[in-house]
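This report describes the overall fold, the paired strands, the ligand shell and one loop residue of the structure shown below.

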Amino acid sequence: MSYRHPNLTVVQSAAFDVLFTKIRDEKTSSADFGRYSRRLMRILAEESLSKLPKTVVDITTPTGAAYKGRLSIVDTDPDSVCAVSIVRAGDSLLESVREIAPSIRVGKMWIQRNEASAEKEAIHSCTKLPPGVKDMDIVLCDPMLASGGSSCSALDCLINTYGVDPRRVVFANVISCPEGLNRLAHEYPDVRIVTCWVDEKLNDSKFILPGLGDYGDRYFNTV
Ligand code: PRP
Ligand code: MG
């Protein structure tokens with residue numbers, strides 16, 4: 001299936017080949033799934049945070065040489081950045097983001113796919129965001145983008161209920177597929193997506209193929 005998205009970054013890393021093989025393998029234990037996926041999410045977190053605003057600075061190196069560099073807003077003004085986890089699987093990626101940027105704010109949205117029917121919309125049951133979130137840069141964390149139901153529910157809440165600017169949202173994602181990318185391109189084209197892999201398609205149960213199963217279940221050992 002083809003896909004088009006105006007604000008998509010597919011992260012390129014030589015490490016992904018091996019890391020994805022480990023997390024896709026059904027024989028990989030939950031402990032190893034956690035270990036390898038954390039290595040992968042660390043790379044994703046760096047790439048996603050690199051999309052946030054930066055300021056130019058003049059520094060001096062230990063050699064005495066002048067150097068014009070750039071600093072990230074996560075270090076210069078961490079209170080103006082909020083990482084939002086789509087609970088539950090998003091909590092794994094949230095921790096990778098917080099290892100790099102421990103001072104940023106955190107928001108949570110409990111959103112579950114409808115297990116009775118993959119055709120029905122996701123169930124969004126709880127939201128906790130910091131005050132003033134509408135003026136913040138947002139890193140939305142969910143390792144999986146399948147039908148796009150969960151991420152669209154989160155974005156609808158952030159943008160239409162809380163007034164967040166879609167151009168200030170970066171959606172950090174481990175594995176995506178054409179169906180989800182096309183839906184987000186249609187509904188939230190200004191939201192930037194950083195994904196590590198675009199898989200082939202969804203199956204009839206809306207699972208990504210070839211995929212890696214249920215990320216949250218494998219990460220939290222609830223298979
Ligand atoms: C999974 C995954 C995403 C969502 C993706 O969550 O973690 O949040 O499905 O699918 P979608 O794009 O079709 O909405 P799930 O509801 O299985 O819960 P979990 O995070 O607790 O595992
Ligand atoms: Mg989820």
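## Overall form

Of the 223 residues in the chain, 37% are buried. The model is predicted, and its secondary structure comprises 7 helices and 11 strands.

The radius of gyration of the chain is 18 Å, which agrees with the value near 17 Å for a compact globule of 223 residues. The C-alpha trace spans about 60 × 40 × 35 Å along its principal axes. Counting contacts between residues at least 6 apart in sequence, 64% join residues at least 24 apart.

## Strand β8 and its partners

Strand β8 covers residues 169-176, and 8 of its 8 residues are buried. Strand β7 (residues 137-141) pairs with β8 in the parallel sense, over 4 bridges. In this pairing Ile138 stands opposite Val169 of β8. Between the two strands the chain passes through α5, and the β-α-β crossover from β7 to β8 is right-handed.

β8 also pairs with strand β9 (residues 192-198), in the parallel sense and over 6 bridges. Ser176 has Val198 in β9 as its bridge partner. Here the connection is helix α6 (residues 178-187): β8, α6 and β9 make a right-handed β-α-β unit.

## Shell around ligand 1

Which residues come nearest to ligand 1? Among the 21 residues around the ligand, these are Arg88, Ala89, Ser147, Ser150 and Gly216. Two elements give two or more residues to the shell, namely α5 (149-161) and α7 (215-219). Helix α5 thus appears in two roles: it contributes to the shell around ligand 1, and it lies on the path of the chain from β7 to β8.

By residue class, the shell around ligand 1 consists of 7 nonpolar, 8 polar and 6 charged residues.

## Thr63 in the β2-β3 loop

Thr63 belongs to the loop that lies between β2 (54-60) and β3 (66-72). Is Thr63 buried or exposed? Thr63 counts as exposed because it has 6 C-beta neighbours inside 10 Å, and the cut-off for an exposed residue is 12 or fewer.

Thr63 and Arg167 are 104 residues apart along the chain, and a separation of 40 Å lies between their C-alpha atoms.

Definitions and conventions
Residues are numbered from 1 along each chain as its sequence is written. Chains are lettered from A and ligands numbered from 1 in the order in which they are written. This is a predicted model: local features need pLDDT of at least 70, side-chain atom pairs count only at pLDDT 80 or more; totals for chains, interfaces and linings use all residues. A residue is buried if 20 or more other C-beta atoms lie within 10 Å of its own, exposed if 12 or fewer, and partly exposed in between; C-beta atoms are placed from the backbone. A residue is near a molecule or strand if its C-beta atom, placed from the backbone, lies within 6 Å of it. Ala, Val, Leu, Ile, Met, Phe, Trp, Tyr, Cys and Pro count as nonpolar, Asp, Glu, Lys and Arg as charged, and the others, Gly among them, as polar. Two strands pair if DSSP finds at least two bridges between them. A crossover is right-handed if, with the strands pointing away from the viewer, the path from the first strand over the helix to the second runs clockwise. The radius of gyration is taken over C-alpha atoms; the globule rule is 2.2 Å times the number of residues to the power 0.38. Two residues are in contact if their C-beta atoms, placed from the backbone, lie within 7 Å.
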